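Me: I would like to go through this model and ask, for each label attached to it, what justifies the label.

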Amino acid sequence: MEDFIQYNNDNSVNVPFRRVAEWYIVNHPLLKNVRLKCQTRRETSGLIKSDIINVNRVEGAVDFIEWNTKKGDIKSTNRIDDIITLTSKGEEYVKQIEAKEKKDKLCWSWVMYCSGEGNSCERECGGIGSCKEACANYSLQNNKKNYRDMHLCKLRVISESKLSWLSKEKPLKIKIVGSHLPTNVLISHNPSVSRLNLSRQVRDHIIVSRRSDHRTANSVKLKLLAPFNGAEENELKEALKNQRQICNNDKLRSYLMRDDRRLKENSGPWTILHYLVMDVLKLKGFVLYYQQPDFSQPEDEKQFYQLTLSNEFWLRNGKNFGQKCIGMDSKHDLNNDRAPVLVFVAENNSGSGTPLAFGISNKENQWTIKLSIKAIKKNIQCDQNGCEHKWSYIDLPNGKGFKRIRECNSSNWNPLVMIDKHRPSKIAIDNNLHGAILCWYPLALAFKIIGRSRTEDEAKELGLLYQDFVNSLKLSENVKQKLITDLNRNWLCDEWRLSFIDAGRILPNFESIMTTNNFTERLNRTIEANYSGVQTVVNFVERLYGVKLKRENITENTGKLQFEAGLATLFDMKSIEEENCSKKLSSDKLRRLNYGRLYFLLEFVEPSNHNDYFYVRKSDNVQTLESPFDGKSIKLDEEAINNLNPLFKKLEQKHLDKASHREGYYLTNILTGECICYDYIWNGPFRDVCKHVHAARLYHNANQYLEKECFFRQIKEDFVTYFKNKERVIPAENKNRLIYEGDTDEAYNEIIRLYYLQGGSIFLPRDNISGRNSDPFRPPELKYNTPNKGAPPKAIAKPRKPSRILQTLQLNSHNETNSFALEKRNTKRARKDLRNTKEQIKEGTAHNSTKTHHNASNLIHNENSNIYSNPNFQQELYPSAQPLYNSHILSSTNISYIPPPTNTLQPFYISPSSEQTLYNPYIHQPLTYSSNSLPADLQSHESLNMLNSQFFSPTFSSINSFSNNNSQNLPNF
């Protein structure tokens, strides 16, 4: 800063505008521990009214306010770091001054003075620390006539600037006149500043930390103390005495409270949001539709609140990337009012999600969703080259809002919409867009087979075979009927059939589309990750666009404050960065691709008599399914698979007129991506094809090349590179040197050797934890040793609670007991159940329990389910309710069901010492408890993981094809 100061002969200095002026004043020896007050800055306002100069704030200045006077003039806080610039009229005026046609004028004349705190300064009357008795101010309160009285000290800081100086590099002249004490006085000047004395720059820093980063007083104090990190005691004391850079906690909290009151929500959040929409967002074109509810109208879309937000960049992405399919999902916990926020996303060319629009409403129903869809569709840009894509706002007929329309509206924008199973969403989409397709839930294998139907008739035929499969399971007739009814009423009905099966999502040229709503969920997680504190609906919009509306709404020029880039800018920048990026392959897609390369290199692919069909040899165990959750293999029950064979044959039947069936081979279609493997059944061909189709497509492409050997060599190198990259992250002592350091042929031979030894597990991620002790000084008695390297884990799309089944079984498998609190709750509940049962027996509402295997003293209990010996107890409690299958009510004669408080499948726990008979609700055969039936390592039992995974929903359609009577594959619980 010293380089920007020009020292003059008259003890004055010239400095440029901005922060240099304040730095000079703060660091001057006479002003170091002094609090300065100021008079009104003169001459400036008159020249502003004459349109000769403009006053601008220095970059980062936020510690100021503005207000309207009764005459309508705008007043503002003056700052020493303000910037004065000439207008075009002012430049002409300066030329006239230089030509001596007009006199020069002051454009800045400001006097600052010492506040006299501490009573150690010489006053205007000559008294030191106090006024003389003959002084006119002696009898006044605080010895001052008014707030701006300069009587308490003779020191002045005079700053001035003229119009002719504004073109110079250092236009502001500062001169310090007078002193705190006369030179002939022997006492020293010891000021005592009692009020806040922070510099403007430090105050700006505090406000930004508070408003933008939402920091508390202590966290703000840590940022202020950063320049003094490691300082000695004397330096800290001097800084606290100066109070220019740091202040005590009480003053800091008071200052933060004052700033909070300045932005205090005197109006409710929805009212503030209204002004934000009208005064800021509408002017920028961010609002597509805004409507206040009109309760005088009949039951239709006019009765609801609706706000749809977007911008031109998002709408252009919608036209470019959302022609085929978009995602739509709503979330209710993005604000404390739980107002639903509807999120629309599209998948860009790099395979990432980009926002399309946000809709805020008071209710989530077909009317509000339809308003958002129509608003987006009417603002999608047209396909005409050279079109300006003009838009304008028109008021709604009832005067309750407005909407944005585009003159060149693209009428051919008609994508599919990926949704969760929500009837109002589907009704809103019908007749407005191409149609709704359901997010693929990881349902049961038999249920997935029906989903692979390419026609509605095929789905109906597979539905009948599904009924036969359910009837073959060892379930009660009541359970079987519920499963069949659920399929027919909720999935294969006319309303949802096309949204559920593949026939409703097939596009021309079999283009890839979204299969889940992970993009919308991740977008919501990004918004939540930037939240802190209580979030109102206006906070959501402010954080989205990075604009905070001043609650007092003081003037038009200061209606908004901007402290940081909004999430909209973050999303835009991410989309721009990915514009020229190639499509990213996720780890599972890359694994399937290289699995297909392996089959191609091993010559597992053979042609058929049809150009689009190929045979791929079955090298793996046909009873094995790759888990969609962790990629590990799940061994399926042979009996269950045999019962599913009619569905597999029906799915394959439509291909047999083009290519015959060959035992030991998968029949694949490289055009449609169809196959009969479990990977295709589970995941379908839309997001990615299975490994067999990848292999067949490589075989087909190889036949198109004249030099097949070169093509084969390139595939081999790509395949080896994939495994070399996997070895890069492995510690040096665990690397496979033949793969990592060997040439292509050596690495390939090693990979093939491992494949025949380990099978498909070579494609799974390897453990990259080093066996070397990197912390030899760690005390050995510390039990938990968590890794301390790398970044924290990324937020998942939607957090889910861990499986209680796995948690309980893991505790049992490690011989660990429940916590004291859990045991206490279980004991209380068991005693309560015992009392209730005895009362029911006395009242005659329960049958004699002596005939049952489980008497009252051996009740099985867990947190969410209770077992009763009365087979008709549920019908008495819930005569009209349908039985649920999440808690098991066991009896020797019948199995009854009582719905638990939460929709969570709970395990049963019986002491290992007990030899009671335990009934599985899905198998009528008795199961005897054995301490060896619970696996020591649950990771080896993937069937259990699949049943209890966060993606597995225990509904009627979720009863998978695994038979629980095979304890080797799936442990009984």
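The exchange below takes up a pair of helices, then the nonpolar cores.

Reply: This is a predicted model, in which local features need pLDDT of at least 70, side-chain atom pairs count only at pLDDT 80 or more, and totals for chains, interfaces and linings use all residues. Residues are numbered from 1 along each chain as its sequence is written, and side-chain values use heavy atoms, with hydrogens and water left out.

Me: Why is helix α8 called roughly parallel to helix α17?
Reply: The axes of α8 (residues 269-281) and α17 (residues 537-545), being lines fitted to C-alpha atoms over the stretch in contact, with angles running from 0 to 180 degrees between N-to-C directions, come within 8 Å and cross at roughly 30 degrees. Angles under 35 degrees count as roughly parallel, so α8 is roughly parallel to α17.

Me: Which residues of α8 and α17 meet?
Reply: Contact means heavy atoms within 4.5 Å, and among the residues of α8 that meet α17 are Trp270 and Leu273, while those of α17 include Val538 and Tyr545.

Me: What makes the largest nonpolar core one that lies between domains?
Reply: A nonpolar core is a set of buried Ala, Val, Leu, Ile, Met, Phe, Trp, Tyr and Cys residues joined through side-chain atoms within 4.5 Å, where buried means under 20% relative accessible area (1.4 Å probe, protein chains only). Of its 63 residues, Met328, Phe344 and Leu644 touch the most other members. Domain 3 (269-439 + 515-576) and domain 4 (587-763) both give residues to this core, so it lies between them; the domain bounds come from an automatic or database domain assignment. A second, separate core of 43 residues includes Leu281 and Val541.

Technical notes:
Helices (H or I, at least four residues) and strands (E, at least two) are DSSP runs, numbered from the N terminus. Angles under 35 degrees count as roughly parallel, over 145 as roughly antiparallel, 65 to 115 as roughly perpendicular and the rest as oblique. Buried means under 20% relative accessible area, exposed over 50%, partly exposed in between (1.4 Å probe, protein chains only).
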